[in-house]
Amino acid sequence: MALITERDRLRDDVMAIAELTGFNRSSLIPILQEVKAKYGGIDSYAMQLIADVLDIHPVEVYGVATFYAFLRPETEGRYIFRLCRTLSCDFAGKDLVARQLKEDLGLDFGETSADGAFTLTWTNCLGMCDQGPAMLVNDRVYTQLTPTKVRAIVDEYRTLVEEQGVQRVSERGR
Amino acid sequence: MTVDTIIQTRVHGLTFATVPAGEGLAKALTMPRGDIIDLISDSKLKGRGGAGFPTGLKWNFAAAEKREPKYLICNADEGEPGTFKDRIILTDHADLVIEGMTIGARAIGAALGLIYLRAEYAYLKPHLEEVIEARRAQGLLGKDIGGVEGFDFDIVVGLGAGAYVCGEETALIESLEGFRGEPRNRPPFPVVSGFLHRPSVINNVETLAWVACILAKGADWFKSSGTASSTGRKLFSVSGDCARPGVYEFPFGITIAELLEEVGGENAKAVQVGGASGRCIPRSAFSRRISFEDVPTGGSIIVIGPGRDMLEVAHNLLEFFVDESCGQCTPCRLGNAKLLEGVEMLMAGTCTSEYLSDLRGLCNTMQVVSKCGLGQTSSVAFCSILDNFSDEILGHAGRYH
């Protein structure tokens with residue numbers, strides 16, 4: 001029964017966004033963004049459902065979801081740490097920050113923690129080049145990172161996970 | 001402990017801070033549509049995103065199209081490495097950008113505007129929507145704008161999803177339509193067939209803010225700075241090995257040496273101008289001028305200090321392109337991977353001079369036959385590093401082990 005409830009919830013969510021943005025192809029990315037933010041990933045059931053709602057082939061949904069770095073279909077953590085690796089942040093010392101993130105999160109780049117709380121990944125230029133090294137945690141930006149700051153930031157998110165668990169709420173106001 | 005998030009970016013001498021929103025649009029509403037385009041053409045404003053296409057000409061093409069509806073799209077997919085001026089403009093001067101869009105809509109007859117905001121700037125979306133809502137409340141967006149009957153125009157903000165190539169205008173349109181961000185063949189150009197295959201103008205954030213200023217202060221004011229074919233002033237995003245990184249406004253025609261003095265990067269060994277897709281300018285060429293006719297840029301200036309290893313710079317930039325190539329056309333998809341492999345061979349000391357000249361040939365091929373600007377420019381930095389730092393690169397072979 002739990003499975004059916006989850007699927008009903010997904011359908012309601014997809015329909016709610018499509019009602020706002022329209023039942024057309026242009027709604028595909030906003031829908032995928034919402035599903036990704038709320039469920040952490042976009043599984044094949046979700047892709048089929050979205051395809052049905054927009055009346056397109058599911059492979060079209062798959063093609064779009066796998067194209068964009070922020071829409072990865074794989075289920076990722078409640079908090080996604082994206083460290084910028086581009087030139088200015090590299091000059092500013094991103095390697096030290098990367099090492100500290102790996103240690104404090106206990107993850108390698110590309111990995112998600114077993115409890116579903118954290119994902120660590122590289123990203124390309126965040127547009128924070130004057131204050132690197134920079135990273136995004138979900139939609140929030142952190143700049144001028146140092147190993148000490150990394151420790152404090154990871155601690156903050158660990159506290160959040162302890163208090164609120166890994167349950168997602170949509171973060172993008174619509 | 002609470003951690004600070006974004007630290008204030010240093011901002012120097014922005015004209016946008018001195019031009020109040022409102023004047024430009026008020027002026028535009030008193031002018032016939034053709035006169036607005038003539039004024040922008042007269043100012044010789046060129047696109048500030050980097051490609052430098054004349055804005056007035058682009059608008060003229062779109063205005064001449066009969067098919068409706070037309071769209072005006074603001075390209076806020078600022079993904080070029082080392083560029084962050086649009087972030088500052090959208091944070092501090094969003095009113096001017098929206099005003100520029102409204103003026104553009106008036107000029108070409110667009111009914112809807114779209115701001116394509118990169119996913120990395122998602123935190124700016126609520127701010128932009130507030131500015132848009134406030135302007136709606138003032139009657140500056142929506143129906144009968146400024147009391148002009150029949151002038152209807154509104155703006156929505158769309159979010160990107162993490163793809164550098166979507167800054168390319170036709171890839172941006174594909175993304176807005178809900179497809180993979182793969183560039184289209186041109187022609188037809190977006191001014192003829194763009195978003196939903198309707199006439200569409202795509203302008204950079206900074207271009208649109210300048211439009212509002214030009215309407216307010218006139219074409220002669222704008223042309224009073226800059227060079228003959230690169231009129232006006234330009235925002236630069238300065239980062240890397242310098243004492244004072246930040247956003248600066250300088251007139252076109254400034255030499256690289258002058259710019260470095262302003263930002264505290266005098267002892268640089270090279271400057272990457274124009275981001276990852278731009279050129280690497282060595283110290284011996286610091287007297288060159290930044291302008292569309294000499295060294296063009298969308299505003300990215302990455303200062304490379306004396307201690308930096310140029311092979312590592314090339315490696316970082318090529319890793320970026322391997323990751324960000326959309327994979328649609330072969331020269332770009334495979335070419336960048338081959339160049340990266342070549343840099344790794346150089347690092348390992350296993351790249352022969354003959355193979356290096358083969359790689360050069362590959363660069364030429366990529367620049368000529370790639371479908372879009374990404375593949376056409378991704379090898380430019382690598383080539384300029386090979387040209388200017390060949391002794392360093394070849395001499396250091398093998399030292400990575």
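## Close-up views of a predicted model

**View 1. Asn124(A) and the residues around it.** Leaving aside residues up to four places away in sequence, Asn124(A) touches Arg85(A) and Thr86(A) from its own chain, plus Tyr164(B), Phe320(B), Asp323(B) and Glu324(B) from chain B. Keep in mind that this is a predicted model. You'll find Asn124(A) in the loop between β2 (118–123) and β3 (135–137) of chain A. Is Asn124(A) buried or exposed? Count the neighbours: 22 other C-beta atoms lie within 10 Å, and 20 or more is what it takes to be called buried, so Asn124(A) is buried. For a sense of scale, look for Leu101(A): 23 residues away along the chain, with 17 Å between its C-alpha atom and that of Asn124(A).

**View 2. Where chain A meets chain B.** The contact takes in 39 residues of chain A and 46 residues of chain B. Which elements of chain A help build its side? At least two residues each come from α2 (28–39), α4 (58–67), α5 (87–91), β4 (140–142) and α7 (147–164). Sort chain A's side by class and you get 19 nonpolar, 12 polar and 8 charged residues.

**View 3. Helix α6 of chain B, a helix with two faces.** This one runs through residues 125–137, and its 13 residues reach 18 Å from the first C-alpha to the last, close to the 18 Å expected at 1.5 Å a residue. Buried here are Lys125(B), Leu128(B), Val131(B), Ile132(B) and Arg135(B). Why do they sit on the same side of α6(B)? Because they cover an arc of only 130 degrees around the axis. Now check the face turned away from that buried side: Pro126(B), Glu130(B), Glu133(B) and Ala137(B) are exposed there. The cover over the buried residues includes α4 (85–92), α5 (94–108), β3 (110–117) and β4 (154–159) of chain B. Just past the helix, Gly139(B) has a positive phi of about 75 degrees.

**View 4. Helix α8 of chain B, mostly covered.** How many of the 13 residues in α8(B) are buried? The count is 12, and among them are Val205(B), Trp210(B), Cys213(B) and Leu215(B). Charged-looking names turn up too, including Glu206(B), which is also buried. The helix spans residues 205–217, so at 1.5 Å a residue it should cover 18 Å; the end C-alpha atoms are 19 Å apart, which agrees. Just after α8(B) comes Gly218(B), with a positive phi of about 100 degrees.

Methods
Residues numbered from 1 in each chain as written. Chains lettered and ligands numbered in written order. Predicted model: local features only at pLDDT ≥ 70, side-chain atom pairs only at ≥ 80, totals over all residues. Helix = DSSP H or I, 4+ residues; strand = E, 2+ residues; numbered from the N terminus. Expected span 1.5 Å × (residues − 1). Arc of directions from axis to C-beta. Contact = placed C-beta atoms within 7 Å. Nonpolar A, V, L, I, M, F, W, Y, C, P; charged D, E, K, R; others polar.
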